[in-house]
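Biologist: Can you walk me through this model? I have a few short questions and will jump around.

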Amino acid sequence: NHLILGGVLDRHPELRVKIVHGGGFYPFLAGRLDHAWKNRPEVRKLCGEAPSSYLSRMWYDTVVFDPRLLRMLLELVGPGRIMLGSDYPFDMGDEDPRATVAAAGLPTEEIAAIEGGTAQAFFRL
């Protein structure tokens, strides 16, 4: 929230940010944040664009535990922005993250990106 509404991403356009747990609340409340941005001048003060426009400037992991949410996340953030996550070594992690990705019914090229390509690009490997 502070990265966007506080203007951090506007001041640092090259900053690469990965938000764990599928981006937390942000992808799913971007519409509400856009509404605030349109109607509250203090929200627009440091944030140059509607908050939803920043969705495609960050990266996310797959730790959402529900294939439907993973599909929605892909629709919201676009291809090449999601990488495999497990939450390892914590006990609340996804026990089989590849199965969650497979169950989401995503295109083959997006599965390949999630399972490795996106992380390689993000970490510049």
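**Contacts, core and surface**

Modeller: I'll start with a polar contact: the side chain of Arg44 reaches the backbone oxygen of Trp37 at 2.7 Å. A polar contact here is a pair of N or O atoms within 3.5 Å; within protein, one must be able to donate a hydrogen and the other to accept it, and residues adjacent in sequence count only if both atoms are side-chain atoms. The model is predicted, so local features need pLDDT of at least 70 and side-chain atom pairs count only at pLDDT 80 or more, while totals for chains, interfaces and linings use all residues. Residues are numbered from 1 along each chain as its sequence is written, and side-chain values use heavy atoms, with hydrogens and water left out.

Biologist: Where is Arg44 found?

Modeller: In helix H4, residues 41-44. Helices are DSSP runs of H or I with at least four residues, strands are E runs with at least two, and both are numbered from the N terminus.

Biologist: And what does Arg44 touch?

Modeller: Leaving out residues up to four places away in sequence, Arg44 touches Trp37, Lys38 and Asn39. Contact means heavy atoms within 4.5 Å.

Biologist: Is Arg44 buried or exposed?

Modeller: Neither; Arg44 is partly exposed, because its relative accessible area is 34%. Buried is under 20%, exposed is over 50% and partly exposed is in between, with a 1.4 Å probe and protein chains only.

Biologist: New topic. Which residues have the most contacts inside the largest nonpolar core?

Modeller: Tyr26 and Met58, in a core of 24 residues. Helix H3 (26-39) and helix H5 (67-77) each supply at least two residues of this core. A nonpolar core is a set of buried Ala, Val, Leu, Ile, Met, Phe, Trp, Tyr and Cys residues joined through side-chain atoms within 4.5 Å.

Biologist: What does Met58 touch?

Modeller: Ile4, Leu9, Val17, Ile19, Tyr26 and Arg81, again not counting residues up to four places away in sequence.

Biologist: Which residues form the nonpolar patch on the surface?

Modeller: Phe28, Leu69, Met72 and Leu76, with about 300 Å² of accessible area together. Three of them come from H5, the largest share. Patch residues have over 30% relative accessible area and no salt bridge (a side-chain nitrogen of Lys or Arg within 4 Å of a carboxyl oxygen of Asp or Glu). Like charges are joined within 9 Å, and nonpolar side chains (Val, Leu, Ile, Met, Phe, Trp, Tyr) within 5 Å. Areas come from the Shrake-Rupley method with a 1.4 Å probe; for residues, only the protein chains shown count as cover.

Biologist: How about backbone oddities? Which residues does the cis peptide bond join?

Modeller: Tyr88 and Pro89, with omega about 10°. Pro89 is in the loop between strand E3 (82-83) and helix H6 (97-103). Separately, Phe65 has a positive phi of about 65° although it is not a glycine. Phe65 sits in the loop between strand E2 (59-61) and H5. Arg124, also not a glycine, has a positive phi near 55°, and it is in the segment after helix H7 (108-122).

Biologist: Why does Thr100 count as buried?

Modeller: Because its relative accessibility is 12%. Thr100 is in helix H6, and a polar contact of 2.8 Å joins its side chain to that of Asp94. Beyond four places in sequence, Thr100 touches Asp66, Pro67, Leu70 and Asp94.
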